Every structure is written in C-alpha cells, then in structure tokens.
Amino acid sequence: MSQIKPKTLFEKVWKEHIVSEETLANPAILYIDLHLIHEVTTPQAFSMLRNNNLDVRKKNLTIGTMDHSTPTLPVNNFKDIEIAGADAANQVRTMIKNCNDFGLELFDFDSINRGIVHVIGPELGLTQPGKTIVCGDSHTSTHGAFGALAFGIGTTEVGHVLATQCLLQRKPKTLSIEVLGSLKNGVSAKDLILAIIGKIGVDGGTGYVMEYMGEAISSMSMEGRMTMCNMSIEAGAKAGMIAPDDATYEFLIDKPRSPKKEAWDKALKRWKSLPSDEGSIFDKIITIDANKLEPMITFGTNPGMVIGVNDPVPISENDAAFSKAIDYMQISPGETLHNKPIDVVFIGSCTNSRLSDLQEAANILKDRKISDDVTMLVVPGSQKIKRDAEAIGLDKIFKKAGAQWREAGCSMCLGMNGDTVDPGKLSVSTSNRNFEGRQGKGSRTILASPSTAAASAIEGNITDPRRYIT
Amino acid sequence: MEGLKQIKSRTLVLPNKDIDTDQIIPARFLTTTSKNGLGKHLFHDWRYHDNGEKNTDFILNKNQNETFEILVAGNNFGCGSSREHAPWALTDYGFKAVISSKIADIFKSNSLKNGLLPIVVNDEVLEELINNPNIELSISIENSTITFPDKKVISYEIDEFSKYCIIEGIDQLGFIQRNNEAILKFEEKREWTPR
Ligand code: SF4
C-alpha cells in the first residue's frame with residue numbers, strides 16, 4: 001500500500017484552494033476566501049471595475065475598513081473630521097462611495113468595528129484557520145497566526161479578486177522556523193521576531209512561506225503569534241503561518257463572525273486536520289533558541305538591523321549601506337543605545353496595538369510619569385480595543401502618565417494621516433518598519449516591544465524594560 | 001499596458017541594497033486615487049532636500065536631460081510595502097526594467113502587471129553593472145537576454161507566463177476570467193463555504 005505523502009500546513013491550505021493547477025506555461029489559479037480592503041490601495045482597482053463594466057463577484061467575501069489616512073483625534077461624524085489634506089479626505093470619501101456603489105460592507109467612521117485592517121479580521125472572527133486571506137497590504141501576513149494562508153497583494157490583484165475571487169499564483173517554497181525553549185520574563189513575541197529577522201536578514205524569507213513552530217510558539221498567546229506573523233514580511237516572506245491549536249480555537253469561539261453551533265463543530269474538525277504532518281518536508285529549516293533572547297531593538301533603517309537592548313551597535317567596515325543607515329540614524333558603530341535620549345514613543349500599529357500590548361505597556365506606566373522630553377502616542381488597533389481598554393481603565397493610566405490616548409488607526413506607523421515624527425527626532429516605536437522617513441520625513445525610528453517603548457518613555461531614553469518588570 | 005519586446009537604454013545605477021518601497025515613493029504621496037503622475041514623487045526624499053530644493057548630488061538629478069529606461073539597484077530591491085504606487089512611479093518616470101540580484105516578491109508581481117520588467121541577475125553580474133554605470137544595455141524580452149556594449153550576452157530567468165503577458169501587454173485578469181467555468185465548478189464542489 002502506498003503511503004500518503006506528509007504535507008505541511010501551507011501545502012494543505014494551498015491545495016484546498018487550487019481552482020486550476022500551475023504548469024510551466026501558466027500559474028495556478030488560487031481561490032480567495034476573505035478579501036480585506038482599505039482606502040489606500042483600492043481606488044484604482046474600483047476604477048478598473050468601472051472601466052470594464054465589471055461587478056464584484058462575491059460581495060460577502062470582501063470587507064472594508066478605513067485606517068491609513070484616518071485621523072486619530074476624536075471625530076463625531078465624517079463631516080467634521082479633520083483629515084490630513086484634501087487628497088486624504090478624497091481618498092476616504094472614494095472608499096465610502098466605492099463600497100456603497102458595489103454593495104460591500106464597510107466599517108465606516110461611525111462603526112464600532114472600525115480599526116486597522118489586520119486587527120479587525122481576527123477580532124471579528126473572520127480570520128480563521130485554513131482560509132486564504134488577501135489584502136492590498138503587505139502585513140496581511142498577520143492572519144497567518146491562525147493557520148490561514150494570508151499575504152499582501154498589489155492594487156491590480158485587488159481588482160482581480162474583486163472581479164473573480166481568484167488570483168494567479170506560483171507556488172512558493174516553504175521555510176520552517178523552529179523556536180526552541182521559552183522566552184524569559186520581559187522578552188516578548190516582538191523581541192523574538194526582531195531576533196529572527198536579524199538572523200535571517202530582510203531578504204531571508206523571500207520566495208518562502210514561513211511556518212513558526214516549537215515550544216515557544218505553542219505556548220505563545222494568539223496576540224503574540226499575530227505579532228510574529230505580522231513581521232514575516234519584514235524578512236521578505238510571502239506569508240507567515242502557525243498551526244492552529246487549542247489557543248486558536250479558544251480565541252475564535254466567541255467572536256461575532258466565527259462559525260456557530262454545528263458549523264463550528266464542522267469547522268473545528270476541518271481545522272484540526274491542518275497542522276503539518278509528522279515527517280513533512282520543508283525546503284529550508286532554521287532553528288532559534290528562545291532561552292538566550294534579550295529584549296531587542298533596531299539600530300538602523302531596516303528591521304534586520306537588530307541588537308539586544310544592552311548591546312553595542314556592530315562595527316561593519318566597507319559596507320556602504322550600513323554606513324548610510326547609521327549616518328541617517330545619527331549613531332556610531334560600537335556605541336550602546338541604552339541611555340540614548342529619545343523624543344517620541346509610539347505604541348500602536350498592526351504589530352502591537354492589541355489589548356494585551358496596551359496592557360503590557362500600562363503595567364509599566366501605572367503610577368509613573370513619562371519624561372517631560374517625550375511625546376507619547378498610544379493608538380489602539382481598533383475601536384473595540386479602545387473601548388475594552390477604557391473599560392479596564394488603561395486609558396487613565398496612559399493619560400495620567402502623560403501620554404496621548406487616541407482613536408484607532410495606523411497613525412504614526414506610516415504617518416499618512418498627519419501623525420508624524422518631526423525631522424531628525426528619534427522615536428521608539430512598537431510598529432514594524434524603521435525605514436528612512438517611515439514615520440515622517442527625516443524621522444528616525446527604533447523598533448521595540450511595548451514594554452521597551454513604555455520603559456523608554458519613562459526614562460526619556462532607550463531602556464531595558466526588565467528594570468520595571470518584577 | 002503596451003506590449004514590450006525590447007529595451008535599449010543606458011543604465012541608471014542606485015547601488016544601495018534593500019531599497020524599500022517607502023524610499024521609492026514615501027507614504028504621504030499615496031493619498032491619490034489615480035495611477036498617473038506619480039513619477040514626480042519617485043525617490044522623493046532622496047531627490048529633494050527638506051526645503052523642497054533639488055538634491056543635486058542625487059543621481060536622478062545629475063542626469064536630468066537623459067532618459068533612462070533601465071534601473072540597476074543593489075540587492076533586495078522593492079522590499080517593504082505592497083503599494084503598487086512604487087512600480088507606477090517608476091514607469092511614470094520612464095523606467096521599463098529594474099535589474100537587481102534579488103527583488104522583493106510583491107514588488108516583482110506588481111511590476112509585471114504594469115509593464116515594468118524585473119530582472120534578477122547573479123551577484124557577479126550585478127557588481128559589474130554597478131561598477132560600470134551609465135552603459136547601454138539591450139534587453140530582449142523574447143530571448144530573455146541582456147546584451148552588454150562589448151557584445152557579451154547573458155541570459156536571465158523569467159516566468160514564461162509573465163514573459164508572455166509583458167510581450168503582449170496582456171492584463172492577467174482576462175486569463176482568470178477565461179477560467180470562469182473552473183471557478184464555478186470549484187465553488188460548487190467545495191465542502192465548505194467561507195463566511
Ligand atoms: S499599522 Fe502600519 S503596517 Fe499596519 S496596516 Fe497600518 S500602516 Fe500598514
């Protein structure tokens with residue numbers, strides 16, 4: 001009897017969604033189960049539909065939100081909101097019109113469900129194991145934390161999905177990242193993913209779907225897993241995935257849009273068959289020891305330029321890119337960055353804006369004050385998280401400490417809505433990209449965990465958070 | 001999108017590695033609802049000083065009277081966001097090909113849908129191109145080859161389907177639509193329905 005070839009999680013989800021197999025001449029046609037859209041990467045796709053007289057094929061599989069260009073200062077209704085510039089306002093208006101015209105569900109300004117696109121999918125229970133999920137946004141990889149195959153696409157492809165619910169795809173390779181041991185107190189999922197990107201480089205995952213596994217991952221919260229998968233794209237990976245397990249099901253069971261009753265039982269049965277089979281083969285394998293990790297920070301202008309919070313900036317001679325990066329950051333090789341004065345702290349973004357992230361920061365800020373020299377923004381990932389945080393008094397802790405408590409959105413992660421870091425200013429940010437000018441022209445960004453960001457806000461310089469964690 | 005068979009141009013070289021999409025076009029220029037006119041923001045923060053004046057040291061400003069259709073860039077070009085505004089800005093400026101030793105996945109896929117040819121060469125070839133800027137290359141898309149000024153010819157790899165689409169200027173949507181029967185069948189026989 002011939003044995004069935006063991007398959008990886010990715011291979012199972014891929015195979016289940018093939019409308020037609022790839023050949024040398026043609027890519028595969030892949031069916032998409034959930035399409036998330038936001039205001040920045042969709043207008044040209046809707047124009048394409050209009051120009052070609054096309055409709056949206058499966059209206060119930062596309063969900064819209066507004067997050068990138070939207071203000072984070074309180075708004076009562078759309079007429080009064082202050083949007084950063086006429087173009088951004090036009091973009092938001094276009095999004096509303098497009099969703100209305102094509103009959104798509106949109107979480108508008110007055111919706112309690114509005115939030116960052118990658119935060120609301122899981123929060124609503126739309127993100128589920130085994131689904132194919134796409135969005136015109138690279139951090140779509142976040143949803144892989146539930147065992148979904150989720151990846152970012154361009155605007156032309158947004159048009160393809162709207163019109164056909166399908167995408168043309170070549171099958172990517174697989175990379176397993178096994179994390180042995182467990183994270184020490186004060187070291188979080190953010191530190192782990194920064195360490196991984198530091199190890200494999202910002203192009204280390206290019207062409208691959210990564211699957212995270214091992215003790216440190218199975219004992220990690222869903223929020224932590226989302227942080228990990230979110231930043232897979234920063235290593236260049238097509239997607240990041242984690243096998244669904246009891247933590248996944250527990251997270252999903254009471255979510256508003258997750259399957260109910262018999263549908264739940266059926267789904268659960270299907271989901272339980274998804275984890276990679278014993279003996280399944282990956283194209284590449286990487287192992288990392290979690291026991292050894294310290295809180296991590298970035299020092300350069302890409303997320304692969306990473307050091308332990310107490311370590312010196314490396315010395316790298318004859319590397320033009322390295323010199324350019326540290327010149328931009330105004331730091332020197334060999335220098336340690338703890339005690340470096342900072343100007344801004346940003347807690348937010350689809351990487352670290354969930355309730356547990358805010359709680360982590362609040363634990364440190366409780367009954368303390370941030371430095372007078374620091375401006376601090378706390379921006380919840382969704383309006384629901386905002387409400388939940390307020391219900392347990394986190395907003396008061398932040399405000400009392402001297403931080404600003406805002407409405408949900410991308411905010412200072414990319415500074416499109418006017419929340420920016422001024423030229424030359426140094427920011428410690430829980431977001432995912434420290435590219436030149438990412439948080440505003442000339443801004444300098446240090447990526448870190450919520451704990452490190454909070455501790456740094458108190459001290460007014462880059463700080464090892466373990467000083468504040470008992 | 002027009003079909004593209006041959007590109008003949010001098011190269012513009014940006015040797016930096018890991019050039020991300022935020023450098024190709026910064027986020028604050030993404031508030032547009034059209035694809036057009038983004039060339040003026042291409043590499044904006046490298047091209048212009050904070051006061052809005054041109055940075056005359058930046059390569060794109062040095063060779064203003066020449067048109068370049070081929071961009072040579074350091075390893076891992078186009079990493080970062082999925083914004084299709086990046087290839088839109090490059091093509092609007094006039095580029096038809098980008099050559100690097102690694103090109104980020106989403107950027108590559110976006111480029112192929114906009115008549116911008118992403119060519120991946122090995123480290124050695126890239127080094128040669130970086131060390132010899134502003135040389136005239138002839139790229140044949142049909143033969144998947146690059147011809148150097150000294151007549152040296154190297155071949156590069158490109159997915160057959162993408163090659164066909166670039167040459168014919170075909171929008172891939174039509175290909176999916178022609179498979180509508182298969183999509184309907186897939187939807188019908190699925191064991192579960194999303195949502
Ligand atoms: S929070 Fe930042 S990374 Fe996430 S979707 Fe918004 S802009 Fe993109």
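Here are some short exercises on this two-chain model, each with a worked solution.

The model is predicted, so to speak of local features we need pLDDT of at least 70, and side-chain atom pairs count only at pLDDT 80 or more, while totals for chains, interfaces and linings use all residues. Residues are numbered from 1 along each chain as its sequence is written, chains are lettered from A and ligands numbered from 1 in the order in which they are written, and side-chain values use heavy atoms, with hydrogens and water left out.

**Exercise 1. Describe the contact between chain A and chain B.**

Step 1: count the residues. Chain A puts in 67 residues and chain B 56 residues, where contact means heavy atoms within 4.5 Å.

Step 2: look at the area. The two chains bury about 5,100 Å² between them, with 56% of it on carbon and sulfur atoms. Buried area is the accessible area (1.4 Å probe) that two parts lose on being put together, summed over both.

Step 3: check the polar side of things. Between chain A and chain B there are 29 residue pairs in polar contact, both residues at pLDDT 80 or more. A polar contact is a pair of N or O atoms within 3.5 Å; within protein, one must be able to donate a hydrogen and the other to accept it, and residues adjacent in sequence count only if both atoms are side-chain atoms.

Step 4: sort chain A's side by class. You get 27 nonpolar, 20 polar and 20 charged residues. Here Ala, Val, Leu, Ile, Met, Phe, Trp, Tyr, Cys and Pro count as nonpolar, Asp, Glu, Lys and Arg as charged, and the others, Gly among them, as polar.

**Exercise 2. Track down the salt bridges.**

Step 1: get the rule straight. A salt bridge is a side-chain nitrogen of Lys or Arg within 4 Å of a carboxyl oxygen of Asp or Glu.

Step 2: count. The whole structure has 37 salt bridges over all chains, and the count between chain A and chain B is 10.

Step 3: pick one across the interface. Asp203(A) pairs with Lys102(B), their closest N and O atoms being 3.6 Å apart.

Step 4: pick one inside chain A. Lys12(A) and Asp277(A) meet at 2.8 Å, N to O. This pair links distant parts of the chain, 265 residues apart: Lys12(A) sits in helix H1 (residues 9-16), and Asp277(A) in the loop between helix H10 (261-272) and strand S12 (284-289). Helices (H or I, at least four residues) and strands (E, at least two) are DSSP runs, numbered from the N terminus.

**Exercise 3. Which residues lie nearest the centre of the largest pocket?**

Step 1: find the nearest residues. They are Arg170(A), Asp105(B), Lys108(B), Leu112(B) and Asp159(B), out of 44 lining residues.

Step 2: ask which element gives most. The largest share of the lining, six residues, comes from H5(B).

Step 3: split the lining of this pocket by class. That gives 19 nonpolar, 13 polar and 12 charged residues.

A pocket, on a 1 Å grid over the protein atoms alone, is an open set of points where a 1.4 Å probe fits, with protein on both sides within 12 Å along at least five of seven lines; lining residues have an atom within 4 Å of a point.

**Exercise 4. Find two residues with a positive phi that are not glycine.**

Step 1: recall the usual case. Most residues other than glycine have a negative phi.

Step 2: take chain A. Asn339(A) has a positive phi of about 80°, and its place is in the loop between H11 and strand S15 (344-347).

Step 3: take chain B. Asn76(B) has a positive phi of about 65°, in the loop between strand S2 (70-73) and helix H4 (85-93).
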